[in-house]
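Trainee: Could you take me through how to read helix packing, salt bridges and burial in a model of a protein structure?

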Amino acid sequence: MVVAPIQTIGLHKSFGDLHVLKGIDLVVQKGEVVCVIGPSGSGKSTLLRSINLLEWPSEGQVLIDGINIVDPDANLDKIRTRIGMVFQQFNLFPHMTVLGNVMVAQVRVLDRPKEEARQIALNMLERVGLSDKVEQHPSQLSGGQQQRVAIARALAMNPEMMLFDEPTSALDPELVGEVLAVMRDLANEGMTMMVVTHEMAFAREVADRVIFMDDGQIIEQGPPDKVIGNPDSPRTRTFLARVLDPTHIDSATPETADFSIDLSSGQFRLGPTHR
Amino acid sequence: MALSDIRPTVRRRISWGISLGVALILVIAVAWFAVMNWDVLGRQFFNGEVAAKLFPDAITVCLRNTLLYTIICFVIGTFFAMVLALMKMSRGPLRWFAIAFIEVFRGLPAMLTIFAFAFMVPMVFQYRWPIGGIFGGLIGLVCVTAAYNAEVIRSGLEAVPRGQREAARSLGMSIMTTNLIIILPQGLRIVIPPLTNEFVMLLKDTALLFIAGASIGMRELTTFGRDGLTTYSNGTPMIVAGVLYLIVTIPLTYLVGRLEKRMAVKK
Ligand SMILES: Nc1ncnc2c1ncn2[C@@H]1O[C@H](COP(=O)(O)OP(=O)(O)OP(=O)(O)O)[C@@H](O)[C@H]1O
Ligand SMILES: [Mg+2]
């Protein structure tokens with residue numbers, strides 16, 4: 001039997017009294033691209049962050065390549081090198097150059113010789129189209145460029161799987177495309193990916209499976225055409241109606257300012273208007 | 001009510017009153033200067049003959065020692081401050097040790113700490129410090145510096161966004177590596193101005209080492225001034241010491257201001 005790269009069993013997470021994840025059972029197969037959608041506060045980030053234990057589960061197991069990493073004996077640092085993570089706010093290291101950002105963990109964690117790490121970093125930066133920015137500092141780059149550096153930084157560790165937490169939500173609309181393009185390439189190369197996103201067009205095109213989460217539970221999952229195109233659950237439908245047609249005001253949910261419209265590209269995006 | 005809320009005529013009257021008051025104080029000060037005993041002041045505190053005997057030792061030994069002690073205490077103290085700051089931010093028993101250490105040494109007057117290390121420790125443990133009481137005094141000052149700087153550094157470390165630690169950890173970095181190459185460099189950069197300020201304070205606090213006493217070659221400026229005071233029955237050595245402090249502290253304070261301004265611009 002082939003072991004799944006990512007599996008969670010009965011995953012629960014509470015912050016104090018707030019029960020955020022209510023028993024998540026999930027399997028992601030090798031090479032699969034899974035997009036996670038759902039309303040704000042439904043626990044998407046928490047789920048993703050539980051998979052590399054940035055959040056410690058209150059209950060349940062997280063299996064990476066079949067190994068339960070919640071076990072205190074697991075070598076967490078080593079396991080994390082196999083799981084690349086990309087954050088909404090990029091989280092590049094501002095005191096290092098672009099090249100330094102992509103090299104540092106290779107040298108410090110994987111013990112690669114500097115020269116080798118440098119070559120790999122340059123390759124990764126070329127792959128995301130940033131060969132001309134290697135000596136810059138993150139603050140000198142646009143949001144889209146920063147996010148691509150963040151992707152290169154994660155890829156330089158040769159991860160077996162990648163987690164993306166709303167990688168384009170902090171970007172100006174015109175910069176979203178360049179990041180999604182990199183992710184699309186990655187998916188086509190067979191990377192195992194879990195992507196929390198509000199980009200429905202991207203999910204439809206790239207995902208092998210879409211998971212709809214609400215209130216800490218997986219409500220519905222399946223092929224994108226099914227879940228996004230013709231969902232079974234009324235909750236999914238309500239959510240999609242709000243995302244895909246933000247002018248529609250649902251009287252039961254007054255907080256409709258949850259999304260913004262990008263008029264130039266005609267796309268709808270969930271999440272507050274870009275600050 | 002702000003001054004600007006008051007009617008113009010009233011405001012003019014108020015500012016007249018203030019000017020008048022200031023002028024009056026100036027007149028009194030001048031009169032006082034005139035009747036002051038300049039002769040005694042000159043002989044007892046600005047005595048050229050006495051001053052001449054103080055040099056070059058005042059600079060080559062005592063100012064040098066003051067700077068040396070300051071730098072030693074600052075470097076060692078700041079090193080421990082980083083450790084304490086990280087301990088205080090961690091979970092578990094180390095955190096409580098750090099809290100206790102910081103509270104005790106910030107809460108005690110520095111002079112008592114110096115006294116305790118210089119005299120109490122040798123008595124209790126029947127142990128003589130290698131180069132005399134001042135050695136213990138310096139250890140005390142290191143503890144005080146560590147405690148103060150730990151709080152400064154902690155504020156800097158806490159100002160580093162949470163995402164930095166998360167990004168580092170998600171790349172597989174250990175807690176130690178994360179702290180050393182991601183968090184500390186960023187946190188320390190933020191607190192360079194306040195740390196420089198602590199350096200100036202420490203420079204002045206080395207004066208408290210006088211309570212530990214010191215052999216001739218080990219004296220710092222205040223011990224030197226105080227010894228001179230008794231030797232010559234004259235206050236000039238104290239004045240000389242004071243001037244030498246100012247020669248160092250004023251440029252340093254100016255530097256702090258410059259650093260703060262530069263940091264503000266960067267933000
Ligand atoms: N560290 C934390 N401490 C306390 N509560 C938290 C913490 N992290 C998340 N939460 C809460 O858990 C709930 C789920 O948060 P989560 O970030 O997983 O939602 P999400 O689905 O990613 O939402 P969004 O689309 O807004 O990113 C929210 O109510 C949030 O306030
Ligand atoms: Mg989220």
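Mentor: We will go through the features one at a time, keeping in mind that this is a predicted model.

Trainee: Let me begin with the whole of one chain: how many helices and strands does chain A have, and what share of its residues is buried?

Mentor: The secondary structure of chain A comes to nine helices and 12 strands, and buried residues account for 56% of its 275 residues. If you take the contacts in chain A with a separation of 6 or more, 63% of them are between residues 24 or more positions apart.

Trainee: Turning to helix packing, at what angle do α5(B) and α7(B) pack, and how far apart are their axes?

Mentor: Helix α5 of chain B, residues 93-107, packs with helix α7 of chain B, residues 133-158, at an angle of about 115 degrees, and the axes are 8 Å apart. Angles from 65 to 115 degrees count as roughly perpendicular, and α5(B) and α7(B) are therefore described as roughly perpendicular to each other. The crossing in which α5(B) passes α7(B) is left-handed.

Trainee: Which residues meet where α5(B) and α7(B) are in contact?

Mentor: From α5(B) come Phe101(B), Ile102(B), Phe105(B) and Arg106(B), and they meet Cys143(B), Val144(B), Ala146(B), Ala147(B), Tyr148(B), Ala150(B) and Glu151(B) of α7(B). By class, the residues of this contact comprise nine nonpolar, no polar and two charged.

Trainee: Glu151(B) appears in that list, so what else does Glu151(B) touch beyond its neighbours within four places in sequence, and is Glu151(B) buried or exposed?

Mentor: Once the neighbours within four places in sequence are left aside, Glu151(B) is in contact with Lys88(B), Ile102(B) and Arg106(B). The relative accessible area of Glu151(B) is 15%, and Glu151(B) is classed as buried because the cut-off is under 20%. With Lys88(B), the side chain of Glu151(B) forms a salt bridge at 3.1 Å from N to O. This pair links distant parts of the chain, with Glu151(B) in helix α7 of chain B and Lys88(B) in helix α4 of chain B (residues 57-89), 63 residues apart. Lys88(B) also counts as buried, at 12% relative accessibility.

Trainee: How many salt bridges does the structure hold over all chains, and which parts of chain A does the pair Arg209(A) and Glu32(A) tie together?

Mentor: Over all chains the structure holds 19 salt bridges. In one of chain A, the side chains of Arg209(A) and Glu32(A) meet at 2.9 Å, N to O. Arg209(A) lies in strand β9 (residues 209-214) of chain A, while Glu32(A) lies in the loop between β2 (18-28) and β3 (33-37), so the pair ties together parts that are 177 residues apart in sequence. Arg209(A) and Glu32(A) are both buried.

Trainee: And what is the closest N and O distance in the salt bridge of Glu160(A) with Arg82(A)?

Mentor: In that salt bridge, the closest N and O atoms of Glu160(A) and Arg82(A) are 3.0 Å apart. Here Glu160(A) sits in the loop between α5 (143-155) and β7 (161-165) of chain A, and Arg82(A) in the loop between α2 (76-80) and β6 (83-86) of chain A, 78 residues apart. As for accessibility, Glu160(A) is partly exposed at 31% relative accessible area, and Arg82(A) counts as partly exposed at 22%.

Trainee: Which residues are linked in a network of salt bridges?

Mentor: The network links Arg49(A), Glu55(A), Arg162(B) and Glu166(B).

Conventions:
Residues numbered from 1 in each chain as written. Chains lettered and ligands numbered in written order. Predicted model: local features only at pLDDT ≥ 70, side-chain atom pairs only at ≥ 80, totals over all residues. Heavy atoms only, no water. Axes fitted to C-alpha atoms, helices over the stretch in contact; angles between N-to-C directions. Helix = DSSP H or I, 4+ residues; strand = E, 2+ residues; numbered from the N terminus. Parallel < 35°, antiparallel > 145°, perpendicular 65-115°, else oblique. Left-handed = near helix turned anticlockwise from the far one by under 90°. Contact = heavy atoms within 4.5 Å. Nonpolar A, V, L, I, M, F, W, Y, C, P; charged D, E, K, R; others polar. Salt bridge = Lys/Arg side-chain N within 4 Å of Asp/Glu carboxyl O. Buried < 20%, exposed > 50% of the residue type's maximum accessible area, 1.4 Å probe, protein only.
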